[in-house]
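Subject: the structure I promised

Hi,

Here is the structure we talked about. Have a look at it first, then read on for what turned up in it.

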Amino acid sequence: MVTNGIELLSSETHLNKLKGNIALLCHSASVDRNFKHSVKILQDLVGKRLIKIFGPQHGFVTDVQDNMIETEDFIHPYFNIPVHSLYGETRVPTTKMLEGVDTLVVDLQDVGTRVYTYISTLTLAMEKCATLGVKVVVLDRPNPVGGEIIEGTILEDEFKSFVGRYPMPQRHAMTMGEVGYFAKKNFNIDVDYDVVKMTGWKRDMMWEETGLPWVNPSPNLPTSIGALTFVGTVLFEGTKLSEGRGTTRSLEVIGHPSIEPFKFVDYLNEKIECDGSFVLRPVTFHPMFQKHAGLTCGGVHIHPLKQKDFRPWRISQLLCREFKNFLGNEFQWQDAAYEYEYDKMAIDLINGTSEVRHWIERNGDLNELLVLEVKGYDAYQSMRNDALIY
């Protein structure tokens, strides 16, 4: 059984890590196994020393749906503590926000994918805290997609953004606490940094093996299976296909109004070899908001059968290639701004390279994709190994 950092904080050893006045960076998934929120737990432990709360993208209460929809600062009506947004006018805590703070405690449930912005929020906060002498303490939580399997292309410098700050692959196989060490050790963040480690977590664990409850870390990840498929299906944010936002199984279903799903899956079965780790089920869905809102879409529901063998990044790239081939001119890349980047294509920011898009556009084969995927892995593994704490 896994015990999270927040559940271990009450020990004297860990409490002594929290110096002076404290701010807590957290969200709705910041709970213990009994669903008690971290703000309540920390208040019970340190009382009035907890003076500020910070919220990441999607807000402290995790109610904001989408890319570039911001939240504002406010005084929390129950806790009577200022709540500062790190996805509003700024994505970096300001000097004024951190005024009077000696320790920033970070308790965020990450999902193990480079583009999921909580690791960017963590590292940007570390950089700011380094300039002010504020200590950073991460209360660690499991990586829902495991700590061993690495997937996806390495981020190239040209495509750095809020959805990718460091040269890591899409599925990075680190916990939030380890990402902090990765940034500190490899990118010279001179901050006083510590982690309250979990107990009971093993690197090969998938979420269901942790014994912990799943609480949405963002509005469109209602299931732990969705966190696994998200490793790959997030790329469809870079297209004008629906990735199921506005449905109950977002980022598990992919489709388009022009597709008849049974015909499409028959087509896919001829193009994509299934290794038994997943099933592509024909599905019809009706998004209530976002892309193709109010229209009926046909497509696929991705069902992982063997989670430790399933490779969502690879499968999703193959699916994207075949959506393009099947739809022809009706297939389009997303051309709207993506996470405050206005000059680069969303698909390239998500993949961290333009090479995968070019592979899709030229109808490349699987072997080419696998060669692209592992470029830079040796260097990444070396950097990552220095950061691992489990």
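One term before anything else: contact here means heavy atoms within 4.5 Å. Also keep in mind that this is a predicted model.

Let's start with helix H6, residues 224-233. H6 is mostly covered, with 10 of its 10 residues buried. The buried set runs through Ser224, Ile225, Gly226, Ala227 and Leu228, then on through Thr229, Phe230, Val231, Gly232 and Thr233. What do the buried residues of H6 pack against? Their neighbours are two strands, S8 (253-256) and S10 (297-304), plus helix H8 (312-327).

H8 is worth staying with, as two other helices cross it. Take helix H7 (residues 261-271): its axis and that of H8 come within 11 Å, crossing at roughly 120 degrees. Angles from 65 to 115 degrees count as roughly perpendicular and those over 145 as roughly antiparallel, and H7 and H8 are therefore oblique to each other. The crossing is right-handed. On the H7 side you'll find Lys263, Phe264, Tyr267, Leu268 and Lys271, and these meet Leu319, Arg321, Glu322, Phe323, Asn325 and Phe326 in H8. Sorted by type, the residues of this contact are six nonpolar, one polar and four charged.

The other crossing involves helix H11 (residues 366-373). The axes of H8 and H11 come within 11 Å and cross at roughly 130 degrees, so this pair is oblique too. Here again the crossing is right-handed. H8 brings Trp313, Arg314, Gln317, Leu318 and Arg321 to the contact, while H11 brings Leu366, Leu369, Leu370 and Glu373. That contact divides into five nonpolar residues, one polar and three charged. If you click on Arg321, note that this H8 residue appears in the contact with H7 and also in the one with H11.

Now for the sheet. Seven strands make an open sheet with mixed pairing, and their order is S3-S4-S2-S1-S5-S6-S7. Which strands stand at the edges? They are S3 (74-75) and S7 (193-196); each has a single partner strand, so one side of each is left without a neighbour in the sheet.

Working in from the S3 edge, S3 and S4 pair in the antiparallel sense over two bridges, with phenylalanine 74 opposite valine 83 in S4. Six residues lie between the strands of this hairpin, and there asparagine 80 takes a positive phi near 55 degrees. Strand S4 (residues 82-85) also pairs with S2, this time in the parallel sense and over three bridges. In that pairing, phenylalanine 54 has histidine 84 in S4 as its bridge partner.

Further along, four bridges join S5 (residues 103-107) to S6 (residues 135-139), and the two strands run parallel. Valine 105 stands opposite valine 137 in S6. S6 itself is mostly covered, with five of its five residues buried. Lys135, Val137 and Leu139 point one way from the strand, Val136 and Val138 point the other way, and all are buried.

One last item joins helix and sheet: helix H3 (residues 38-46) lies across S1 (22-26), S2 (50-55) and S5, and runs at about 165 degrees to S1.

Happy browsing!

Terms used: Residues numbered from 1 in each chain as written. Predicted model: local features only at pLDDT ≥ 70, side-chain atom pairs only at ≥ 80, totals over all residues. Heavy atoms only, no water. Buried < 20%, exposed > 50% of the residue type's maximum accessible area, 1.4 Å probe, protein only. Pairing = 2+ DSSP bridges. Axes fitted to C-alpha atoms, helices over the stretch in contact; angles between N-to-C directions. Parallel < 35°, antiparallel > 145°, perpendicular 65-115°, else oblique. Left-handed = near helix turned anticlockwise from the far one by under 90°. Nonpolar A, V, L, I, M, F, W, Y, C, P; charged D, E, K, R; others polar.
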